[in-house]
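Trainee: I should like to request a close look at a single part of this model. Please take me through it in one connected account, and then relate it to the remainder of the protein.

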Amino acid sequence: MDCAKSLELLSEYHAGTLEEIEMLEVRAHLQACPPCADVFHDMLLIVQTAQSLCDAVDTIAFPDEDALWRRLCAARGSSH
């Protein structure tokens, strides 16, 4: 398996939704190709970080989108 195909299949590999042969091929490629293994590692960190943020959603104070747009529109109107 080449790098392009391996990178194309990383999400499905992580999800475990590939056919057995493709799982084995991607796994073998990642073991033999440090650059692709690094991309996979980075992808895992992104997924873990996103999951952590989703889990902490109750503790994050998200801005009020409507209020933000009103402030932006008001600021834009006052500058003209």
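**The nonpolar surface patch and its setting**

Mentor: Leu-68, Trp-69 and Leu-72 together make a nonpolar surface patch of about 300 Å². The model in which this patch appears is a predicted one. One of the patch residues, Leu-68, belongs to helix α5, which runs over residues 65-78. The relative accessible area of Leu-68 is 34%, so this residue counts as partly exposed. Admission to a patch requires over 30% relative accessible area, and the 34% computed for Leu-68 satisfies that requirement.

The spacing within the patch may be read against the geometry of a helix. An α-helix completes a turn every 3.6 residues, so positions three or four places apart point the same way.

The setting of the patch is an entirely simple order of elements. Five helices and zero strands are found in the protein, and the pattern along the sequence reads α-α-α-α-α. Of the 80 residues in the protein, 18% are buried. The protein exposes about 6,200 Å², and carbon and sulfur atoms supply 59% of that area. Among contacts with a separation of 6 or more, 49% join residues 24 or more positions apart.

For the buried side of the model, helix α4 offers a useful counterpart to the patch. Helix α4 covers residues 34-55; its 22 residues should span 32 Å at 1.5 Å a residue, and the end C-alpha atoms, 31 Å apart, agree with that expectation. Within α4, the residues Cys-36, Phe-40 and Met-43 are buried. These three cover an arc of only 60° around the axis, and therefore lie on the same side of α4. Pro-34 and Pro-35, on the other side of α4, are exposed. The packing partners of the buried residues of α4 are α1, α2 (10-15) and α3.

Two residues show this packing region from the side of α1 and α3. His-29 is placed in helix α3, residues 20-32, and is buried because its relative accessible area is 10%, where the cut-off for burial is under 20%. Beyond its neighbours within four places in sequence, His-29 is in contact with Met-1, Asp-2, Cys-3, Ser-6 and Cys-36. Cys-36 is also one of the buried residues of α4. Ser-6, in turn, lies in helix α1, residues 3-8, and is buried with a relative accessible area of 0%. Residues up to four places away in sequence again being set aside, Ser-6 touches Met-1, Val-26, His-29 and Leu-30.

Helix α1 also carries a charged pair. A search of the whole structure finds one salt bridge, and the side chains of Lys-5 and Glu-8 meet in a salt bridge with an N to O distance of 3.5 Å. Both residues lie in α1, three residues apart, about one turn of the helix. Lys-5 is partly exposed, its relative accessible area being 34%, whereas Glu-8 is exposed, at 54%.

To return to the part requested: the patch consists of Leu-68, Trp-69 and Leu-72, with Leu-68 partly exposed in its place on the surface, while Ser-6 of α1 and His-29 of α3 are examples of buried residues.

Methods:
Residues numbered from 1 in each chain as written. Predicted model: local features only at pLDDT ≥ 70, side-chain atom pairs only at ≥ 80, totals over all residues. Heavy atoms only, no water. Helix = DSSP H or I, 4+ residues; strand = E, 2+ residues; numbered from the N terminus. Buried < 20%, exposed > 50% of the residue type's maximum accessible area, 1.4 Å probe, protein only. Contact = heavy atoms within 4.5 Å. Expected span 1.5 Å × (residues − 1). Arc of directions from axis to C-beta. Patch = residues over 30% accessible without salt bridge, like charges linked within 9 Å, V, L, I, M, F, W, Y side chains within 5 Å. Areas by Shrake-Rupley, 256 points an atom, 1.4 Å probe, with all protein chains shown as cover. Salt bridge = Lys/Arg side-chain N within 4 Å of Asp/Glu carboxyl O.
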